[in-house]
Every structure is written in structure tokens, then in C-alpha cells.
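Please open the model in your viewer and keep the sequence panel beside it, since each stop on this tour begins with a selection and then says what is to be found there.

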Amino acid sequence: MTPCILSLTEEELTAELALLGHKAYRARQIREWVWRRRARSFDAMTDLPPLLRKALGARFTLRPSEVVELAGSGGGTRKFLSRMEDGSLVESVLIPAAEGKGGMRAERLTLCVSSQVGCAFGCKFCASGLQGLERNLSAGEILGQIVTAEDIAGARIDNIVFMGMGEPLANFDNLRQALEIILSSGALNIGARHITVSTSGNVPGLKRLTDYGRPIRLAVSLHGVTDAVRSRIMPVNRRWPLGKLIPALKDWCAASSHKITLEYILIEGINDTLGEAELLAGIARDLRAKVNLIPYNTVDSLPWKRPSEKQCRSFCRLLVSRRIPVTLRYEKGHDINAACGQLRLRKLKE
């Protein structure tokens, strides 16, 4: 596939230009066109010599994907399906959220980004892994989702969550490269505290992320508080059970100033009892973590059900009574199949 210029740091772009016989200052000009002016073609970069524009066009792509479907919900959430150069389909979700401070209200725009085509981890409640893992996304393909989302929204993305298709920490090298561009003041310039990486429990990846040392946020797809339950719905637990995962999370806590978020999808009859809420409270207290409860978002062809609202609220109240910071979040975009992998799965079946 054609390399994407979005994935190059200023230093890497300078090195590429040196190979083409051009001065270092051209790198700053190109990045201005790419990240500030959002040029859609190299020909649009009018202050570059024509031969350089031609060379860049032969060597790189500016947009690594095209949008093939866009779905919008009544709540403002929008999901788009992108086709990569090799025909692979990838989902991303735009989620608006109003936030207020000092009586003022502003709109925060979050993008849920995918890191892989499909997923190898095979969580039993998730549509992303039903077709298995096709491949990792390149750093350019990850960044392309952000550029496309800003085109769709007509606004700046100011919050990034790596919670889409795939296990981000299983694609760590490309994730790290994308993060460098996201954080760069000369590129997307999104602050580390506005970036969250989610993992289903990839312990070696967690150690690499801890060593990476950037003050980003971490979310963990826990979804079970015993090895028996977690292994039933999350095969990753058989390789890295709670006895390995919890110590790795403690290492992260020691190195980070941010609280971990424990993501917990409530599934009827599987993990929604008050006894499990009590165990979850213990884990959260031990990690000084906050908990995000998400009633299950129904996926066609899967047997799992969403608990009643009464049961979800009872589960939440127990955590509150144990002084655990907790939110109960009903999925935005439920009406557009916004849970990971659903739009892609439907497209693949057409």
C-alpha cells in the first residue's frame, strides 16, 4: 500500500525530503498544508516547486481511505465506515458531548478510533472479532480517521479514544507513531489528557505503554471480576488472567497521574449480580480506579441481553455506596448500531 504522509513526524519528513534533494524548511511548509490548511492534494500546495509536488504525489498518499457509509443518530452521534486502499473496512464514531464550566457550555467532540481491521481477541459479546483479525492499521490509517472525522464534523476533534475495532496494544508500534503525531504541536496538537487508550487486558502491551511514559489516559475493558466469568466472555483472560492483569495495572498507576477507568459492560445473567458489583468495588478500590458501567448494546447473531434498567441502577448504587466513582452510561448511537464492528459486519454481509 502507498505510504501516507500523515504518519510522518517533522524529522522523518525532513529525512524523506533530503533523499529527494530538498531543504529541511520544506518539511514545515508541507506540514502546514497537511495539518493547518488540510490540503486534499499535493497539487494544492502551491508554494512548493512543481517537481516536488509531483514527487510527493508519486511517493505518498494524503488520504488513506474513503468514506463509504455515514450513519447519524438522533442524539448527535455519527458513525462512519471507511474503505482503505486494499478494500478493508474500518469503523469510527463521532460522539458530541456538552460540558460546562462557570455557567458556560461548550461542545466537546470525541472520536472513537479503530486500531485494527477486525480483532483477534474474540470477546464473545463484541461484533468486531466475529470475522477475526485481518491486519493492523498503519499509523497513517489511524490518523486518517481523525482527519476524515473533522471533515465530516466541520469542527476540531478535541478528544480521542482508542476504543474502536481492534486491540490497540496489539498494534503498539503504529499506535505509538500515531500518538506522536496526535500530540505534536505542529500536527493535531491534542493534549495527552484528552487521549485515552483502551485495552482488553494485553499485559505485555500495557508494560510497553507504561514505559512509553506519555501522560495519556488508560481504560481497561474488564467486564468480569472473576477469572471464570472473564474467561467465558473474554478469551484474552486465559492468556493474561486477573492475577497478571491487576499487577500490570498497578504498575501503570504508579507511573501515571490519571485514574484508570474500568469499563464494565453489563450483560444479563453473566456479570450483573450485586455480588459481582461488590467484587468490582474491591478491584476499583485497590486500583483507585473509576468505573464506567455500560448496559449491553445488542448485536445481531449474538445471544447476550441487556439487563433491565432497574438491575443496572441497583448495580450502580452498590458501587456508589462503596464510594467508588462510577457512571452509568447508556450507549450513544444505539439506534445506529454504534457498538464496535456492527456497521462493518452488516456491510460485509451485503
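Begin by selecting Asp-286 and Lys-250, whose side chains meet in a salt bridge with an N to O distance of 3.1 Å. The pair links distant parts of the chain, for Asp-286 belongs to helix α10 (residues 274-287) and Lys-250 to helix α9 (residues 242-255), 36 residues apart. Asp-286 is partly exposed, with a relative accessible area of 46%, and Lys-250, at 39%, counts as partly exposed too. Bear in mind throughout that this is a predicted model.

Stay with helix α9 and select Pro-247, which is found in that helix and which, at 37% relative accessibility, counts as partly exposed. If you then add Leu-287 and draw a distance between the two C-alpha atoms, the viewer should give 9.5 Å, although Pro-247 and Leu-287 are 40 residues apart in sequence.

The next selection is Arg-135 together with Asp-86, which form a salt bridge whose closest N and O atoms are 2.8 Å apart. Which parts of the chain does this pair tie together? Arg-135 lies in strand β6 (residues 133-136), while Asp-86 sits in the loop between β2 (78-84) and β3 (89-101), so the salt bridge joins parts that are 49 residues apart in sequence. Arg-135 has a relative accessibility of 17% and counts as buried because the limit for that class is under 20%, whereas Asp-86, at 39%, counts as partly exposed.

For a pair within one helix, select Asp-173 and Arg-176, which form a salt bridge with the closest N and O atoms 3.3 Å apart. Both residues lie in helix α5 (residues 172-183), 3 residues apart, or about one turn of the helix. Asp-173 is partly exposed at a relative accessible area of 44%, and Arg-176 is likewise partly exposed at 33%.

To see charged side chains joined in a network, select Arg-40, Arg-63 and Asp-151, which are linked by salt bridges. The structure as a whole holds 14 salt bridges.

Move now to helix α1 (residues 10-19) and helix α2 (residues 25-36), and show their axes if your viewer allows it: the axes come within 8 Å and cross at roughly 120 degrees. That angle makes α1 oblique to α2, because it falls outside the range of 65 to 115 degrees that counts as roughly perpendicular and is not over 145, where roughly antiparallel begins. The crossing of the two helices is right-handed. On the α1 side, select Glu-10, Leu-13, Thr-14 and Leu-17, and on the α2 side Arg-26, Ala-27, Arg-28, Ile-30 and Arg-31, since these are the residues that make the contact. They divide into 4 nonpolar, 1 polar and 4 charged residues.

The closing stops concern the backbone. Select Arg-38, in the loop between α2 and α3 (50-59), where phi is positive, at about 50 degrees, although the residue is not a glycine. Is Arg-38 buried or exposed? With a relative accessibility of 18%, Arg-38 counts as buried.

Finally, go to His-223, which lies in the loop between β9 (217-221) and α7 (227-233). Its phi is near 65 degrees, a positive value in a residue other than glycine, and His-223, at 4% relative accessibility, counts as buried.

Key. Residues numbered from 1 in each chain as written. Predicted model: local features only at pLDDT ≥ 70, side-chain atom pairs only at ≥ 80, totals over all residues. Heavy atoms only, no water. Axes fitted to C-alpha atoms, helices over the stretch in contact; angles between N-to-C directions. Helix = DSSP H or I, 4+ residues; strand = E, 2+ residues; numbered from the N terminus. Parallel < 35°, antiparallel > 145°, perpendicular 65-115°, else oblique. Left-handed = near helix turned anticlockwise from the far one by under 90°. Contact = heavy atoms within 4.5 Å. Nonpolar A, V, L, I, M, F, W, Y, C, P; charged D, E, K, R; others polar. Salt bridge = Lys/Arg side-chain N within 4 Å of Asp/Glu carboxyl O. Buried < 20%, exposed > 50% of the residue type's maximum accessible area, 1.4 Å probe, protein only.
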